[in-house]
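Work through these short exercises on side-chain contacts. Try each task before you read its solution.

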Amino acid sequence: GLSLAIDRGDISGRTTANPGNTNKLDSKGWMLAPYVGWQLTPELSLDASIGLGEGKLSASGGEGSQEADRWFAGANLVYSRWMGNWQFGGRAGYLHAEEDYAKAKAGGVSFNNTDAKNKIDQIQLGGQLGYWYNGFMPYAGLKFVDDINRSNSLKGSRDQIGREAWVWTLGLNYYSLAHGITAGLAFEQETARSHQSRDTLTANISLRL
């Protein structure tokens, strides 16, 4: 298959050096990724994908911007077992991703020493429990994330967010085989990193023609 992802972000925060000043960034980008899947046994499957895309960061108010090329490769081993209407699932995954940022620009002027390349190698291990009811499946999940390698080539940059995290998920999926529609809504919270926490709300819909 082939997937297309489009992202938009609005980031704001304050630094310890200047706590009275709020920094704001807007982000946008896209990613196109072919993928393959194998059903190894009735309960066990393997999937893999590789994606290419672009992104852009802009300071609010138009003070500056920076563009990036992106790519990733990943694979997952997925376990799924039904017991009546209950579904028990597990997943072990590996991800490698890179972002190559060009020099930052403001007013048509490029700034030296602002280009950078971000890299990450990450493993994930988690489980999920869901209940099927008339096409709807509410579920809860927990996974452990370990950034086994993360780097940034920007001069003077430091990695302070922390390597390991726990990710809690609550969601609701909908399936209609008759109409070829699948959809989902999920809330995700990442905790236990040294200097970062993250909340994510995700919605998706798929139409089979």
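**Exercise 1. Decide whether D147 is buried or exposed, then find its partner.**

Step 1. D147 has a relative accessible area of 3%, so D147 is buried. Buried means under 20% relative accessible area, exposed over 50%, and partly exposed in between (1.4 Å probe, protein chains only).

Step 2. D147 forms a salt bridge with R193, with 3.0 Å between the closest N and O atoms. A salt bridge is a side-chain nitrogen of Lys or Arg within 4 Å of a carboxyl oxygen of Asp or Glu.

Step 3. R193 is buried too, at 10%.

The model is predicted: local features need pLDDT of at least 70, side-chain atom pairs count only at pLDDT 80 or more, and totals for chains, interfaces and linings use all residues. Residues are numbered from 1 along each chain as its sequence is written, and side-chain values use heavy atoms, leaving out hydrogens and water.

**Exercise 2. Find the salt-bridge partner of E190 and compare their accessibility.**

Step 1. The partner is R198, with the closest N and O atoms 3.1 Å apart.

Step 2. E190 is buried, at 5%. R198 is partly exposed, at 31%.

Step 3. Now widen the view. A network of salt bridges links D147, R150, E188, E190, R193 and R198.

**Exercise 3. Describe the salt bridge between D7 and R70.**

Step 1. Their side chains meet at 2.9 Å, N to O.

Step 2. D7 is partly exposed, at 28%. R70 counts as buried, at 16%.

Step 3. Count the total: the structure holds 8 salt bridges.
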